[in-house]
Amino acid sequence: MRRKWVNGVMLGLTGVCALSTVSILLFILGYLVWQGGRALSWDFLTQLPKPVGESGGGMANAIVGSAKLLLVAAAVGLPVGFMGGVYLAEFGGRTFPFLVRYTADLLNGVPSIVMGIFAYTMVVLPQHHFSALAGGLALGVMLIPIAMRSSEEFLRAVPQSLREGALALGANRWRAIATVVVPAAMRGIATGMLLSLARVAGETAPLLFTSFNNRYWSSGFGQPTASLPVMVFTYAISPYEDWHRQAWAAGLVLLAMVFVANVGGRLILSGRRIGSRG
Amino acid sequence: MNGSRNSAVMIGDPKIEKSAEVSPRLVAAHSAKIMVSGLNFYYGPRQVLHDVAVKVPENKITALIGPSGCGKSTFLRTLNRMYETVRFARAEGEVLLDGENVLQMDVALLRRRVGMVFQKSNPFPKTIFENVAYGLRVNGWGHSRTLAELVETSLRRAALWDEVKDQLHKSAYALSGGQQQRLCIARALAVDPEVLLLDEPCSALDPIATAKIEELLFRLQDTCTIVIVTHNMQQAARVAEYTGFFLLGRLIEFDETKTIFKKPARQETEDYITGRFG
């Protein structure tokens, strides 16, 4: 009798916890869509912010700014992460790859604000001004371990027989990797890269004192640059009701970007018919 | 360790300490394409081939039989040095291809001359055409105007052309298992190898697909020296003119197939053929 009772209670408890996970997510999403949807307009996507006191305006500069930051981050982080992943999966002995993997995992766990300090010290201080370059660098460094480990995983999933097939035809290691192994893993690697970009797109802390913020368009990569996460932060802590609404809208746009990247990544991965057997 | 297991068996069975002696009659009958002598092979500290000596006759089919783990696949992989993909694998002794030492040859050149087909068909995730063209591209004939012609010739030699000529630009994975294996043979034939090694090429195929491949091998022997590892003794009896019997890392007997199957010189061979062990 008691066993049955405990069983029922535990089952119920785990169910309630599982349900609350889902409902918290749904609540946040629903609230965001409700609040953000009200302030979202064509103007929001295409206009610059209005001066304090005037209502209306938008965050076009922050949307473009976020894209610029991600571009720099991708240029910095993805090639390094990808090549590192190739090394871990295809070359190397025991000790060094172990160290690299361990370090990558540690790097992955470094608080994002520390990445910000790093970029601040390396770029902002010597240049004496905030820039998209500094912010992008901070995000790029965060990308490296994520892109590296996911590239490694997908390369490892390529059957050994494909490598042997290429080597048996007289290809050298590098040729076999570049022409057979990497193409076979390409969808997975691309998905991993997209998801890693989505993961850093919402980072705020490393941008606060690297790319900083800007109420106008920034040209090039050398000026302080607005970004959606920092805009959310700035607008949300302001005392103005209108700004609060815009913060919600910015959050919604950011979420939509991440969502599109996620779905896109999964679509790429599930459409891998040519790359797999059967 | 496996090595100690092997030696324990051999202590109890001293007569198989001796490796095969190639009969003088055999040597005189055909010119040898591959001459192996004093070949010892190790995976780290474990010795898996003991003092193997054999002369593989030119433009004939040679079958290698023996129970699992007897070293026949390892032996096959020393002939094109595919064992080098395994860490701590090491071959000692002499393996001569037309008098040139295989163990010191440029490995890409060696593998162009000695092609290999694997147990599990391993087409690349590319089109049928690109699979066959791969070896040609790797060996620098990718821009040749005759590329398409060479691909066609190879597919014809592998008896696959008529089945795939209308779908050359479809994925190789669209083919059936038997067709995929013949595609792998076509891919190996494209670089016009002098020797073709096959490692249990039919073990995953149904009898009809197997018959097609056996027929194909039979026709290929005019232009190619063929060495095939097989678990299927009927297959050895059907296709091979010569057969070698491996046991516990030694080549016990090597002779004309009919001799091996009708009047083997060694007791162990007879025991294996008649199914008394293995």
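Visitor: Why are α8(A) and α11(A) called roughly antiparallel to each other?

Guide: Good place to start! In this predicted model, helix α8 (residues 173-201) of chain A and helix α11 (residues 241-270) of chain A pack at an angle of about 170 degrees. Angles over 145 degrees count as roughly antiparallel, so α8(A) and α11(A) earn that description. Their axes are 9 Å apart.

Visitor: Which residues in α8(A) meet α11(A)?

Guide: Among them are A:Arg187, A:Leu194 and A:Ala198 in α8(A), and the residues met in α11(A) include A:Leu254, A:Val258 and A:Ile268. By class, this contact has 12 nonpolar, 5 polar and 1 charged residues.

Visitor: What makes A:Tyr235 in helix α10 of chain A count as buried?

Guide: The test is a count of neighbours: a residue is buried if 20 or more other C-beta atoms lie within 10 Å of its own. A:Tyr235 is listed as buried, along with A:Leu228, A:Pro229, A:Val230, A:Met231 and A:Val232 of the same helix, α10 (residues 228-236). The cover over these buried residues includes α3 (60-90), α9 (205-208) and α11 of chain A.

Visitor: How confident is the predictor in chain A?

Guide: Chain A averages a pLDDT of 90, and 97% of the residues score at least 70. Over residues 273-278 of chain A, though, the pLDDT is below 50. Where pLDDT is low, the predicted coordinates should not be read in detail.

Visitor: How many residues does each chain give to the contact?

Guide: Chain B gives 21 residues and chain A gives 18 residues. On the side of chain B that touches chain A, the residues divide into 10 nonpolar, 7 polar and 4 charged.

Note on methods. Residues are numbered from 1 along each chain as its sequence is written. Chains are lettered from A and ligands numbered from 1 in the order in which they are written. This is a predicted model: local features need pLDDT of at least 70, side-chain atom pairs count only at pLDDT 80 or more; totals for chains, interfaces and linings use all residues. Two residues are in contact if their C-beta atoms, placed from the backbone, lie within 7 Å. Ala, Val, Leu, Ile, Met, Phe, Trp, Tyr, Cys and Pro count as nonpolar, Asp, Glu, Lys and Arg as charged, and the others, Gly among them, as polar. pLDDT is the predictor's confidence in each residue, from 0 to 100. Axes are lines fitted to C-alpha atoms, for helices over the stretch in contact, and angles run from 0 to 180 degrees between N-to-C directions. Helices (H or I, at least four residues) and strands (E, at least two) are DSSP runs, numbered from the N terminus. Angles under 35 degrees count as roughly parallel, over 145 as roughly antiparallel, 65 to 115 as roughly perpendicular and the rest as oblique. A residue is buried if 20 or more other C-beta atoms lie within 10 Å of its own, exposed if 12 or fewer, and partly exposed in between; C-beta atoms are placed from the backbone.
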